[in-house]
Amino acid sequence: MALITSRTPLRVSFFGGGTDYPEYFRQYRGAVLGTAIDKYVYTSAIRLERFIGYSYRLAYRQIEEVQEVSEIQHPVFRAALDLLDIPKGWNFGVLTSLPSRSGLGSSSSFTVGLLKLLGHLNGVQYTRHDLASLAIHLERDILGENVGVQDQTHAAYGSLNRYEFHGDDFSIFPVRLHHEVRDALNNSMFLVHTGVQRYASVVVEEQIKNTKEAKIIKELDHLYALTGQAHGVLERSDPEAVLKEVGALLNDGWMTKRSLSKAISSPEVDEIYDSAMAAGALGGKLCGAGGGGFFLLLVPPEAQSKVQTVLRDRQLIPIRMDDSGSSIILS
C-alpha cells in the first residue's frame with residue numbers, strides 16, 4: 001500500500017495574539033491576522049504487515065510500538081486515534097521543517113495534519129472548517145491544553161487571513177492582497193531563532209490569569225484593534241508604503257504584547273530585536289506565546305545584509321506565505 005502523507009503549514013501571527021483565548025473572546029471581541037508559511041509538518045502513514053508483533057508504530061522524537069491505542073504515550077496521537085476510531089495496523093511517522101516549541105504553531109499544525117491524515121484513512125474528506133474545529137476540540141476540550149484557537153485555523157485554511165472569534169465559533173476574512181504587495185511581503189519576511197525553546201501552555205499561564213482578573217483588558221483591546229487597522233493597510237496598492245506601515249504596526253503590537261506577562265520577553269530577547277531594528281528592520285515580534293522561539297522580522301531587501309551582520313551567527317531564515325493549508329500527498 002502507498003505511503004500517505006499530510007503536509008500542514010506552520011504559521012506566523014502578525015496581529016491579535018492573546019485575544020484568541022476563550023478566556024478573552026467569550027467576553028470581548030477577539031481576532032488575529034496572520035499567515036500560513038512555507039515551512040511544514042509532515043505526518044505519514046503506511047500499513048503494517050500482519051506478522052509484526054504490534055498494532056501501532058509511532059516515530060516522532062521517540063518510537064512507540066504498542067498493541068492498543070490506550071497504551072500510546074503521545075497525547076495527541078492517543079486522543080486522535082481514539083476520537084476517530086482508527087483500526088489497528090498502522091505505522092506513523094512525523095517530520096518537521098523547523099524545531100517545535102518555537103512559536104510557529106507546530107503543535108496545532110501537527111494536530112491538524114494528523115486529523116487530516118486519519119480522516120483520509122477513514123475515507124472522510126474533512127473541510128477546512130471541520131479540521132480547525134476538530135483540532136480545537138481535541139487540544140482544548142479533550143487534552144485540556146492552554147492554547148488559543150488561531151494556530152488550528154491557520155494550519156487548516158492556509159493563506160493570509162483575519163479570523164474573528166466569537167462565542168464558540170469563528171469567522172474568516174481573507175486579506176485581498178495586490179500581487180506587488182504579496183511579493184514585497186514574501187521578499188521581506190524572515191525568522192530568527194532566539195536559541196530558546198519553550199512550551200506555549202506554560203508561558204501563557206500568567207497571561208490567562210491576568211486576562212481572567214481583567215488586568216490586561218486595555219492591552220488586549222488594543223491588540224484586537226490592530227488586526228482591523230493592519231487588514232486595511234495590507235489591502236492598499238503601494239508595496240513600499242504598506243511594508244513601512246505594517247512594520248510600524250508590528251512594532252506597536254510587540255511593545256504592547258510584552259506588557260501582557262513577564263514571561264513573554266527577556267533582556268536577551270530584547271537585544272536581538274533592538275539590534276535588528278537599529279540595522280534597518282521595519283518591525284517584528286516574537287512568534288507565538290513568547291518566552292523564546294522565533295522572531296518574525298520584516299526586513300526590506302536593502303537592509304537584509306546589514307541585519308544579518310548584526311545578528312552574527314543567528315541566521316535570517318526567509319519565509320513565504322502558503323496558500324494551500326493542510327493537504328494530502330500520496331506516494
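This passage describes the overall build, the annotated spans, the internal spaces and a few individual residues of a predicted model.

The overall dimensions make a good starting point. The chain holds 331 residues, and a compact globule of that length would have a radius of gyration near 20 Å; the chain has 20 Å, so the two agree. Laid along its principal axes, the C-alpha trace spans about 60 × 45 × 35 Å. The secondary structure comprises twelve helices and twelve strands. Of the 331 residues, 56% count as buried.

Two spans carry domain annotations in UniProt, both from an unreviewed entry. The record assigns the feature "domain: GHMP kinase N-terminal" to residues 85–158. In the model, the chain over residues 85–158 is 53% helix and 9% strand, and the C-alpha atoms at the two ends are 27 Å apart. The feature "domain: GHMP kinase C-terminal" is placed by UniProt at residues 243–312. Here the span is 50% helix and 13% strand, with its end C-alpha atoms 25 Å apart.

Turning to enclosed space, a search of the whole structure finds one cavity of 30 Å³ or more. About 50 Å³ of space lies in this largest cavity. Its lining is made up of Phe14, Phe15, Gly16, Gly17, Leu223, Gly253, Trp254, Lys257 and Lys285. Two elements, strand 1 (4–15) and helix 10 (239–257), give two or more residues to this lining. Helix 10 gives the most, with three residues. By character, the lining of the largest cavity divides into four nonpolar, three polar and two charged residues. Both domains take part in this cavity: domain 1 (4–175 + 323–330) and domain 2 (179–318) each provide at least three residues of the lining.

Among the open sites, the second largest pocket has a volume of about 260 Å³. It is lined by 15 residues, and the closest to its centre are Arg26, Ile136, Val149, Asp168 and Asp169. At least two lining residues come from each of helix 1 (22–25), helix 4 (128–142) and strand 7 (169–174). Helix 4 gives the most to this pocket, with six residues. The lining of the second largest pocket contains six nonpolar, four polar and five charged residues.

A few individual residues help to tie the picture together. Threonine 5 is found in strand 1, one of the elements that give two or more residues to the lining of the largest cavity. Threonine 5 counts as buried because its relative accessible area is 8%, below the 20% cut-off. Aspartate 168, listed among the residues closest to the centre of the second largest pocket, is 163 residues from threonine 5 in sequence and 30 Å from it in space, C-alpha to C-alpha.

Arginine 101 offers another view of the chain. This residue is found in the loop between strand 5 (90–96) and helix 3 (106–121). At 23% relative accessibility, arginine 101 counts as partly exposed, since that class lies between the 20% and 50% cut-offs. Arginine 101 and histidine 193 are 92 residues apart in sequence, while their C-alpha atoms are 11 Å apart in space.

Terms used. Residues numbered from 1 in each chain as written. Predicted model: local features only at pLDDT ≥ 70, side-chain atom pairs only at ≥ 80, totals over all residues. Heavy atoms only, no water. 1 Å grid on protein atoms, 1.4 Å probe; cavity = no way out; pocket = protein on both sides within 12 Å on 5 of 7 lines; lining within 4 Å. Points joined across faces, edges and corners; volume = space filled by probe spheres on them. Helix = DSSP H or I, 4+ residues; strand = E, 2+ residues; numbered from the N terminus. Nonpolar A, V, L, I, M, F, W, Y, C, P; charged D, E, K, R; others polar. Domains from an automatic or database assignment. UniProt positions renumbered as here; feature names shortened; annotations may be inferred. Rg over C-alpha atoms; globule rule 2.2 N^0.38 Å. Buried < 20%, exposed > 50% of the residue type's maximum accessible area, 1.4 Å probe, protein only.
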